Amino acid sequence: MTTELWEYRPGSHHAADLTLVGYEVEATDGPLGRVDQDAGDHLLVDTRPWVPGAPVLVPVGLVSRIDHLELVVHLDCPRARVRSAPPPAAVDRAGGAAGPGAGRAGRAGRAG
């Protein structure tokens, strides 16, 4: 897909100076898990017990809005779509995608 998948949407209420680690994640069909890592262009979400298999990588382009008062990240897709996300092994621990596509132009990193 295009780089928009790896960037927050306008109006999502993303605050670049705040980390989303610890926020709950809600898909359109219910709870998904909790943010373990906020890497700027993706979130590493611990999906247990809702999705078997542990953490999944969620591109920030799937975030429809963030509720900073309730500490909830809302996605615009069902849990089944997240199950098909790339495995965390496809992401290096420095916060970028490993392999082809790494170093996408326009990706905003975050200190953290």
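Two residues are in contact here when heavy atoms of theirs lie within 4.5 Å. The legends below describe a predicted model.

**Figure 1. Overall view of the predicted model, with one helix and six strands.** Read from the N terminus, the elements of the protein follow the order β-β-β-β-β-β-α. Of its 112 residues, 43% count as buried. The protein exposes about 6,000 Å², and 57% of that area is supplied by carbon and sulfur atoms. Among contacts between residues at least 6 apart in sequence, 51% join residues at least 24 apart.

**Figure 2. The open sheet of six strands.** The strands are arranged in the order β4-β3-β2-β1-β6-β5, and their pairing is mixed. The edges are occupied by β4 (55–59) and β5 (63–67); each has a single partner strand, so one side of each is left without a neighbour in the sheet. Direction ignored, neighbouring strands of this sheet are turned by 35° against each other on average. Strands of a sheet pair through backbone hydrogen bonds, in either the parallel or the antiparallel sense.

**Figure 3. Parallel pairing of strands β1 and β6.** Strand β1 comprises residues 24–27 and strand β6 residues 72–75; three bridges connect them in the parallel sense. Within this pair, glutamate 24 faces valine 72 of β6, and glutamate 26 stands opposite histidine 74 of β6. Strand β6 is covered on both faces. Val72 and His74 are buried on one side, as are Val73 and Leu75 on the other.

**Figure 4. The hairpin of β5 and β6.** These two strands pair in the antiparallel sense over four bridges. One of the pairings places valine 63 opposite its bridge partner in β6, leucine 75. Leucine 75 is also among the buried residues of β6. Four residues lie between the strands of the hairpin, and leucine 71 takes a positive phi near 60°.

**Figure 5. The edge strand β4 and its partner β3.** Strand β3 (residues 42–46) pairs with β4 in the antiparallel sense, and five bridges join the two. Valine 45 stands opposite valine 56 in β4. Although β4 stands at an edge of the sheet, this strand is mostly covered, with four of its five residues buried.

**Figure 6. The salt bridge between arginine 34 and glutamate 24.** The two side chains meet at 2.4 Å, N to O. This pair links distant parts of the chain: arginine 34 belongs to strand β2 (residues 30–38) and glutamate 24 to strand β1, ten residues apart. Arginine 34 has a relative accessibility of 43% and therefore counts as partly exposed. Glutamate 24 is partly exposed as well, its relative accessible area being 25%. Side chains of opposite charge can pair when their charged atoms come close.

**Figure 7. The surroundings of arginine 79 in helix α1.** Arginine 79 forms a salt bridge with aspartate 29, and the closest N and O atoms are 3.6 Å apart. The pair links distant parts of the chain, since arginine 79 lies in helix α1 (residues 79–83) and aspartate 29 in the loop between β1 and β2, 50 residues apart. Aspartate 29 is partly exposed, with 40% relative accessible area. The side chain of arginine 79 additionally reaches the backbone oxygen of proline 31, at 3.1 Å. Not counting residues up to four places away in sequence, arginine 79 touches Ala27, Asp29, Gly30, Pro31, Leu32 and Trp50. Its salt-bridge partner, aspartate 29, and proline 31, whose backbone oxygen is reached by the arginine side chain, are thus both listed among these contacts.

**Figure 8. The salt bridge between aspartate 46 and arginine 48.** The side chains of aspartate 46 and arginine 48 meet at 3.0 Å, N to O. Aspartate 46 has a relative accessibility of 18% and so counts as buried, the cut-off for a buried residue being under 20%. A search of the whole structure finds four salt bridges, including those of arginine 34 with glutamate 24, arginine 79 with aspartate 29 and aspartate 46 with arginine 48.

Methods. Residues are numbered from 1 along each chain as its sequence is written. This is a predicted model: local features need pLDDT of at least 70, side-chain atom pairs count only at pLDDT 80 or more; totals for chains, interfaces and linings use all residues. Side-chain values use heavy atoms; hydrogens and water are left out. Two strands pair if DSSP finds at least two bridges between them. Axes are lines fitted to C-alpha atoms, for helices over the stretch in contact, and angles run from 0 to 180 degrees between N-to-C directions. Buried means under 20% relative accessible area, exposed over 50%, partly exposed in between (1.4 Å probe, protein chains only). A polar contact is a pair of N or O atoms within 3.5 Å; within protein, one must be able to donate a hydrogen and the other to accept it, and residues adjacent in sequence count only if both atoms are side-chain atoms. Accessible areas come from the Shrake-Rupley method with a 1.4 Å probe; for residues, only the protein chains shown count as cover.
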